[in-house]
Amino acid sequence: MTPRQVSAEQALRQRAEALALERAGKTPGDAQAPSPEAASRALHELRVHQIELEMQNDELRRTQEELEASRARYFDLYDLAPVGYLTLSEQGLIREANLTAAELLGVARGALVKQPLSRFVLREDQDIYYMHRKALLETGAPQAWEMRVLNKDAAPFWVRMEAAISPHAALDADGVSVWRAVLSDITESKRAERALKTTNAELQEFAYALTHDLREPLRMVVNFTQLLSLEQRGKLGEDADQYIAYSIEGALRIEALLKGILNYWESTEREGDRLLPVDCNYVLPQTLSFLKLSLQESGATVTFDPLPVVAAKEIMLTQLFQNLISNAIKYRSAAAPQIHVSAERLEEGWLFSVRDNGIGIDPAQAERVFGMFKRLHGKEIPGTGIGLALCKKLVERRGGRIWVESEAGRGATFKFTIPTEGPA
């Protein structure tokens, strides 16, 4: 250390001591001059303390820089997010918005503050907005809904709004109660949804008309081929008789398929019927009366426990019972079919079971049997492969599920659920 540095440190020390004495109410004369050893120790302590302060300052500076960088990253994520973020007061006034929300609404971000969000909601959808905002503020439960909003530079467009009240940030910087919302533009998905519905409706109409119109000429083919078989049997040779029989069999299979497809559409695409209480103790015997001939020919016995009243459509339950019981008869073993129908209460609704003693199903095929036109036994057991697909569609439209529990050669139990509440 140079003499000048020593002198500067001594002068600093003297000024610091004088200031300390002054604060203590003493004068410099009251203090004893420190010894050289004490002065050296004090200077060392000062140097160490100075270095500590410098290190602390460096650490604080680095922390501040990291905080600033993190803050910048946060604001980039917030402002440039693909969805709009809004903070709103209880009255629905916009307190804060990110850049995406401002772009969606077509207004500068600064100009959005203190504007009511309702100003941007299409008049026809105002009730939807107010209803969900009211529910959010009264119950505190998160809300999500779809509505149309206005952009001053464009036509109305669809958004999905998800709103919640954060328990840790229920007040903004001014102490105002607030709630948060996420705004997503779903215009394209809505447009695609409408286009898909239109296409499906047109396709269904075309397919229905085609299927319906094919049945009449097909019936003519069957009838005239059967007449040909009766009139020419034995006259054209054994091979010709066999070919005619194959033709009739194929035409009848096509007719059965067309009828099955029509039943599938009619049963699953019908809209607008309200769910009503339906007593299964009435529906099942009615269904068995439709199957009377099949039951008699197969020697089948159908038993059932007391069944519940469920919210459903009667035709749906009739189709379910009819197809599942018909399947149990069709896929019977050497023994006479024994079929039992039962139901048990679940928390979410009712679980129905249709158990039989038939040939059973390989568990590996348990999912496949519900596919459209999926059959496991080829021509040895007649069928169209539509019945179980129809059951699956009916149950799922009602909000339930259907499955089978079985082993090959050990019978099968088809189970399906009917929720207490759910889609119609």
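**Entry 1: a pair of strands**

I started with E9 and E10, which run antiparallel and are joined by six bridges. Quick reminder to myself: I'm looking at a predicted model. E9 covers 338-345 and E10 covers 349-355. The two make a hairpin, with three residues between them. I picked out one pairing here: His340 has Arg355 in E10 as its bridge partner.

**Entry 2: the whole sheet**

Next I wanted the wider picture. In what order do the five strands of the open sheet come? I read it as E7-E9-E10-E12-E11, and the pairing is mixed. E7 (301-304) and E11 are the edge strands; each has a single partner strand, so one side of each has no neighbour in the sheet. I also looked up the twist: on average, neighbouring strands are turned by 20° against each other, ignoring direction.

**Entry 3: a helix on the sheet**

Then I checked what H8 is doing. This helix packs on the sheet and touches E7, E9 and E10. Its direction makes about 175° with that of E7.

**Entry 4: E10 meets E12**

Back to the strands. How many bridges join E10 to E12? I found seven, and these two strands run antiparallel. Phe352 has Phe416 in E12 as its bridge partner, and Gly349 stands opposite Pro419 in E12.

I looked up burial for both strands, with buried meaning under 20% relative accessible area. In E10, five of the seven residues are buried, so the strand is largely enclosed by the rest of the structure. For E12 I got eight of eight, so E12 is largely enclosed too. Which residues cover its two faces? On one side I noted Ala412, Phe414, Phe416 and Ile418, and on the other Thr413, Lys415, Thr417 and Pro419, all of them buried.

**Entry 5: E11 and E12**

E11 and E12 are another antiparallel pair, this one with five bridges. Trp403 is paired with Lys415 in E12. The two strands form a hairpin with five residues between them. In the turn I spotted Gly409, which has a positive phi of about 85°.

**Entry 6: the core**

Last stop, the inside. The largest nonpolar core has 39 residues. Those with the most contacts inside it are Leu317, Leu320, Phe321, Ile325, Val404, Phe414 and Phe416. Among the elements giving two or more residues to this core are helices H8, H10 and H11, and strands E9, E10, E11 and E12. Which element gives the most? That's H10, with eight residues.

I zoomed in on Phe414, leaving out residues up to four places away in sequence. Phe414 touches Leu324, Phe352, Ser353, Val354, Ile361, Phe370, Leu388, Trp403 and Val404. Two of these names I'd already written down: Phe352 as the partner of Phe416, and Trp403 as the partner of Lys415.

There's also a second, separate core of 25 residues, including Leu105, Val107, Tyr129 and Leu183.

Key:
Residues are numbered from 1 along each chain as its sequence is written. This is a predicted model: local features need pLDDT of at least 70, side-chain atom pairs count only at pLDDT 80 or more; totals for chains, interfaces and linings use all residues. Side-chain values use heavy atoms; hydrogens and water are left out. A nonpolar core is a set of buried Ala, Val, Leu, Ile, Met, Phe, Trp, Tyr and Cys residues joined through side-chain atoms within 4.5 Å. Buried means under 20% relative accessible area, exposed over 50%, partly exposed in between (1.4 Å probe, protein chains only). Helices (H or I, at least four residues) and strands (E, at least two) are DSSP runs, numbered from the N terminus. Contact means heavy atoms within 4.5 Å. Two strands pair if DSSP finds at least two bridges between them. Axes are lines fitted to C-alpha atoms, for helices over the stretch in contact, and angles run from 0 to 180 degrees between N-to-C directions.
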